[in-house]
Amino acid sequence: MPSYRFALPRKDACLGLPIGQHVSVMAEINGKQISRSYTPTTSDDDLGHFDLLIKSYPQGNISKRFSELKVGDEMAVRGPKGNFNYTPNMCRAIGMIAGGTGITPMLQRGEDILLREELDELAEKHDNISVYHVLNTPPVGWTQGSGFVTADMIKEHCPAPAKDIKMLLCGPLPMVKAMTENLIELGYDKPRGASQLADQVYKF
Ligand SMILES: Cc1cc2nc3c(=O)[nH]c(=O)nc-3n(C[C@H](O)[C@H](O)[C@H](O)COP(=O)(O)OP(=O)(O)OC[C@H]3O[C@@H](n4cnc5c(N)ncnc54)[C@H](O)[C@@H]3O)c2cc1C
């Protein structure tokens with residue numbers, strides 16, 4: 001999946017995006033201003049530019065635009081955007097369910113398993129981080145999950161429902177819908193349409 005690098009106005013500038021927030025990329029399409037959210041894979045340690053890992057859909061309004069960019073082209077970007085402001089120790093445990101490019105808000109810093117090396121390295125280095133990959137069509141000998149993420153997988157790998165935990169969801173709409181149903185079935189709070197920081201289940 002291609003990654004696109006955008007220059008910042010100065011070589012020593014950082015994007016300055018708070019963890020948990022994203023940017024809006026805008027374009028005028030058929031006379032209408034359309035914007036979509038994207039989470040850079042670079043951090044504030046990266047100066048002079050930021051990178052976006054984009055899956056371009058042939059019918060996608062904004063994502064298709066990326067695939068048509070030539071070096072030197074510009075896009076309109078606005079931010080920071082989003083209600084999720086991460087602060088250390090904001091809760092005891094965080095469960096994250098991400099589908100495809102939905103991994104980008106979970107790991108702000110890209111693939112068949114996007115960012116796999118980075119994720120596995122994080123889990124190896126930190127006792128309090130564990131990663132479970134679920135593949136639609138796994139290769140022979142695959143020992144982790146296969147098919148879609150199920151309620152049983154969530155129960156086994158994510159923090160159980162409690163006041164001091166959060167569950168973060170990001171991915172294609174059908175997946176987010178299915179995960180919302182799984183979470184409700186498991187006893188987590190029903191998420192509202194537009195998530196707020198205080199919510200137990202936060203949909204990006
Ligand atoms: C917080 C957040 C962060 C995100 N970060 C990223 C990121 O880092 N990288 C990234 O690539 N995306 C990311 N997304 C998704 C992104 O915002 C857009 O939804 C995506 O690029 C599709 O937008 P579009 O305008 O191209 O398509 P739309 O105009 O929304 O859809 C038009 C058509 O495109 C096709 N299409 C669109 N989405 C899908 C899909 N998921 N599966 C199959 N077909 C589809 C369908 O044919 C659809 O009818 C993020 C979303 C959120 C909420």
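Two strands pair if DSSP finds at least two bridges between them. Helices (H or I, at least four residues) and strands (E, at least two) are DSSP runs, numbered from the N terminus. The model is predicted: local features need pLDDT of at least 70, side-chain atom pairs count only at pLDDT 80 or more, and totals for chains, interfaces and linings use all residues. Residue numbers start from 1 along each chain as its sequence is written.

**Exercise 1. Find the residue opposite L168, then describe the sheet around it.**

Solution.
- Start at L168. Its partner across the strands is Y202 in β10.
- Next, count the bridges. Strand β9 (residues 165-170) is joined to β10 by three, and the two run parallel.
- Now widen the view. The open sheet has three strands in the order β6-β9-β10, with parallel pairing.
- Mark the edges. β6 (93-98) and β10 (201-203) each pair on one side only.
- Add the twist. Neighbouring strands are turned by 20° against each other on average, direction ignored. Axes here are lines fitted to C-alpha atoms, for helices over the stretch in contact, and angles run from 0 to 180 degrees between N-to-C directions.
- Finish with the helix. α5 (residues 173-185) packs on this sheet and touches β6, β9 and β10. The direction of α5 makes about 155° with that of β9. Contact means that the C-beta atoms of two residues, placed from the backbone, lie within 7 Å.

**Exercise 2. Work out the strand order of the sheet that holds β2, β3 and β5.**

Solution.
- Write the order: β3-β2-β5, an open sheet with antiparallel pairing.
- Identify the edge strands. They are β3 (32-38) and β5 (76-81), each paired on one side only.
- Take the angle. Neighbours in this sheet are turned by 30° on average, direction ignored.
- Check one pair. Seven bridges join β2 (residues 22-29) to β3, and these strands run antiparallel.
- Pick a position. M26 faces S35 in β3.

**Exercise 3. Locate two backbone exceptions, at N30 and at the bond between G79 and P80.**

Solution.
- Recall the rule: most residues other than glycine have a negative phi, and most peptide bonds are trans.
- Look at N30. Its phi is positive, about 50°, although N30 is not a glycine. N30 sits in the loop between β2 and β3.
- Move to G79 and P80. A cis peptide bond joins them, with omega about -5°. P80 belongs to strand β5.

**Exercise 4. Split the chain into domains and say which of them supply the ligand shell.**

Solution.
- Divide first. The assignment gives domain 1 (3-81) and domain 2 (93-203). Such bounds come from an automatic or database domain assignment.
- Set the spacing. The domain centres, taken over C-alpha atoms, are 24 Å apart.
- Compare the record. The unreviewed UniProt entry annotates residues 1-87 as "domain: FAD-binding FR-type". UniProt positions follow the numbering used here, feature names are shortened, and annotations may be inferred rather than shown by experiment.
- Count the shell. The ligand is surrounded by 22 residues; the closest are G60, N61, S63, T104 and P172. A residue is near a molecule if its C-beta atom, placed from the backbone, lies within 6 Å of it.
- Assign the shell. Domain 1 and domain 2 each give at least three residues. β3, β4 (49-53), α1 (63-67) and α2 (103-106) each supply at least two. β3 has the largest share, three residues.
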